[in-house]
Structures are given as structure tokens and as C-alpha cells.
Amino acid sequence: MSSRRDFIATSFQSVGLATVGSLLWAGYGDLTKKSPLVLRPPGALNEKDFLSACIKCDLCSIACKNRDTNIDLKTGLSKEPTIKVAKAGGNTLIGTPYFTPRDIPCYMCEDIPCAKACPSGALDMKTLLDKNNKANINNSSMGLAVIHKESCIAFWGIQCDACYRVCPLMDDALTLEYKRNKRTGKHSYLLPVVNSNSCTGCGLCEQACISEKSAIVVLPDKISKGRAGDHYVKGWDEKDQQRVKNSKGLTTKTKHTKENITNYLNESSF
Ligand code: SF4
Ligand code: SF4
Ligand code: SF4
């Protein structure tokens, strides 16, 4: 018997029916905490705020199903939407929207109908605005594509650029880097590299990957992105220096410039 069934059975034996409802809900809540790998639609707030704001109305999923680009030309009907609504028994909080790129990625609709349809702000159009205050799907951050080099055949020296070609932000979010193949001595590797500043996490690359199990997968930012820590400061980056100035807890004794950073590196003994 699964642990979830165990949980339900035990609950029924020990408490009244009314309490069971709330316990079940709390149980599902716990499940989400244990399943941090879920990918949310464009504009989603951070997971904690998203879960508080989402009213589980399905409107984002319906908008995704009815998006202009989703019509099957043969039947004239809408195809399966990218956004699915979590059902009981899975690892995602029941009723909340999510997507699985290997099955159906996000097609990055320019008008972002899913986020527009959200009545609660759980998908927040404001997070998608560009400098001119215009919503731009390229600003979405659903996750980050991560490459498993050992199973990506481009890293074996075999030519494959399926993920690169399908990326809507080709040469920005996903680039190809040349590297000499020392093993053969006369060939080059053409290696896919993801730029975390531009990748939206749409998952088109994950779906397109020719590997039996995708060698490029989208993971939520919280899982895929590291953090150097506030005490590391890029002396050559004015924005980062400004960050230290604005921070109450951080101070630096030396004002770094491009020149003294270069001198420091050149003069040091390592
Ligand atoms: S932007 Fe992505 S998730 Fe939103 S409607 Fe389009 S395909 Fe669906
Ligand atoms: S439209 Fe908004 S509130 Fe409704 S299910 Fe989607 S995210 Fe949740
Ligand atoms: S998830 Fe893949 S296809 Fe989408 S922007 Fe990132 S690298 Fe490109």
C-alpha cells in the first residue's frame, strides 16, 4: 500500500470525517514542499506566494488550450494545452497549474494569454514587463535549462544541434561553442551552452532533445541556480558595487576599478 493510502487509512481510523478533509489538504500541501521540481506557467510568483495566490480556477490552462497558435489544422480543434491542472495522487498541489516540457513545452506566446487570464495575480503580468512597460514573454522565468554533458551526444563529438535550433532565443539563451576535439585531433565539438540570464525555461529544447531521456532539462530556478553570497563583490561591475553601497550590512574598504582589479590579478603571486 502506498504511503499516501496509508496516510488516508490511518486518518479515517483515528479522527472524524470533517477533520479528514483538512488533513488531506494539509497532506497535499506537504507534498508540494517535498516536490520542488514543479514548473509553473509564465509570470508565476515565487512558489510560496504562488500557492497562496492561485485560486485554482483553471483559467490559465483554458487560455493556453484556446491560444491562437494551438489549433489543429486538420480538425480545427484546440490541441492539448501546455498548462495542466494537478490532479489528486500526483506530486503537485491539487488544482494548481504546471507543465511538463518533455510532453508539451511552453510555446512562448507573444500575447501571453495564460498570464493575462489569471484573475488572482498568481501569474503576474507585472513580472513580464520590459523597459517600455510592455509585457514580453522573453522576460519570463519559468525555470532554467540544464545540460547533462555525459548524455548529450554533442559532448561525445557527434554533431547534434536539435536543442539549439528549436530555442526561441537562439544565440542568446542557447549558444553553440566550438572546441577542438583532442581525441580525434581533426574535428571540433559544437557544444550547446545555456545562458541563465536569457533562458526562460520554456522547455522547447527539452522536448526536442534526441536522447532517449532528455540530456537537457528545465529545472525551477530555485533548484538550478547557485548563489555566490553577498560577500562576493564584482569589483569590475558598477551595478554590483552599487549593491554593496545600498546594503546596510555590507562594506568594502577598497573602491575597485577595472584597473586596480587587473593590477591585483597580475601582481598577485598565485
Ligand atoms: S505562453 Fe506558454 S503557457 Fe502561456 S498560453 Fe502560451 S504556450 Fe501556454
Ligand atoms: S488562472 Fe491564476 S488563479 Fe486560476 S488556476 Fe491559473 S494561476 Fe491559479
Ligand atoms: S528552455 Fe531551452 S529552448 Fe527555452 S529559452 Fe531556455 S534554452 Fe531556449
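**Reading burial, cores and ligand shells**

Modeller: Let's begin with Val-166, which is partly exposed, having 17 other C-beta atoms within 10 Å. Keep in mind that this is a predicted model.

Colleague: Happy to start there. Why is Val-166 called partly exposed?

Modeller: The idea is to count neighbours: 20 or more other C-beta atoms within 10 Å make a residue buried, and 12 or fewer make it exposed. Val-166 has 17, so it falls in between.

Colleague: Where does Val-166 sit, and which residues does Val-166 touch?

Modeller: Val-166 belongs to helix H6. Leaving aside residues up to four places away in sequence, its contacts are Leu-204, Cys-205 and Ala-208. You can also trace a long-range relation here: Val-166 and Gln-207 are 41 residues apart in sequence, while their C-alpha atoms are 9.4 Å apart in space.

Colleague: What share of the contacts in the protein chain joins residues at least 24 apart?

Modeller: If you take contacts between residues at least 6 apart in sequence, 64% join residues at least 24 apart. As for the overall make-up, the protein chain has 10 helices and six strands, and 24% of its 270 residues are buried.

Colleague: Now the interior, please. How many residues does the largest nonpolar core have?

Modeller: To read a core, look for its size, its best-connected members and the elements that feed it. The largest nonpolar core here has 42 residues, and Cys-114, Cys-205 and Ile-216 have the most contacts inside it. Two or more residues come from each of H4, H5, strand E3 (144-147), helix H6 (162-166), helix H7 (204-208) and strand E6 (216-219).

Colleague: Why does this core lie between domain 2 and domain 3?

Modeller: Because both domain 2 (40-140) and domain 3 (143-226) give residues to this core, it lies between them.

Colleague: Which residues does Cys-114 touch?

Modeller: Beyond its sequence neighbours up to four places away, Cys-114 touches Pro-41, Pro-42, Cys-60, Ala-63, Cys-64, Ile-83 and Leu-123.

Colleague: On to the ligands. Which residues come nearest to ligand 1?

Modeller: For a ligand, read the closest residues, then the elements, then the residue classes. Around ligand 1 there are 15 residues, with Cys-64, Cys-106, Tyr-107, Cys-109 and Cys-114 coming nearest. Helix H4 (59-65) and helix H5 (113-117) each contribute at least two residues to this shell. By class, the shell has 13 nonpolar residues, one polar and one charged.

Colleague: And which residues are closest to ligand 2 and to ligand 3?

Modeller: Ligand 2 is surrounded by 13 residues, the closest being Cys-54, Cys-57, Leu-59, Cys-60 and Cys-118; the shell divides into 10 nonpolar, one polar and two charged residues. Ligand 3 has 14 residues around it, with Cys-167, Ala-173, Cys-199, Cys-202 and Cys-205 closest. That shell has 11 nonpolar, three polar and no charged residues.

Colleague: Let's try the strands. In which sense do E4 and E5 pair, parallel or antiparallel?

Modeller: In a regular strand, side chains alternate between the two faces of the sheet. Here, strand E4 (residues 174-181) and strand E5 (residues 187-194) pair in the antiparallel sense over eight bridges. You can follow the register by eye: Leu-174 has Val-194 in E5 as its bridge partner, and Asn-181 stands opposite His-187 in E5. Five residues lie between the strands of this hairpin, and Gly-185 takes a positive phi near 80°.

Colleague: Which residue that is not a glycine has a positive phi of about 45°?

Modeller: That is Ile-112, in the loop between strand E2 (97-98) and H5. Ile-112 is buried, since 24 other C-beta atoms lie within 10 Å. Asn-133 is another case, with a positive phi near 65°. Asn-133 is in the loop between H5 and E3 and counts as exposed, with 7 C-beta neighbours inside 10 Å.

Colleague: One last loop residue: is Lys-87 buried or exposed?

Modeller: Lys-87 is exposed, because 9 C-beta neighbours lie inside 10 Å. Lys-87 is found in the loop between strand E1 (84-85) and E2. From Lys-87 to Pro-97 there are 10 residues in sequence and 9.8 Å in space, C-alpha to C-alpha.

Conventions
Residues are numbered from 1 along each chain as its sequence is written. Chains are lettered from A and ligands numbered from 1 in the order in which they are written. This is a predicted model: local features need pLDDT of at least 70, side-chain atom pairs count only at pLDDT 80 or more; totals for chains, interfaces and linings use all residues. A residue is near a molecule or strand if its C-beta atom, placed from the backbone, lies within 6 Å of it. Helices (H or I, at least four residues) and strands (E, at least two) are DSSP runs, numbered from the N terminus. Ala, Val, Leu, Ile, Met, Phe, Trp, Tyr, Cys and Pro count as nonpolar, Asp, Glu, Lys and Arg as charged, and the others, Gly among them, as polar. Two strands pair if DSSP finds at least two bridges between them. A nonpolar core is a set of buried Ala, Val, Leu, Ile, Met, Phe, Trp, Tyr and Cys residues joined through C-beta atoms within 7 Å. Domain bounds come from an automatic or database domain assignment. Two residues are in contact if their C-beta atoms, placed from the backbone, lie within 7 Å.
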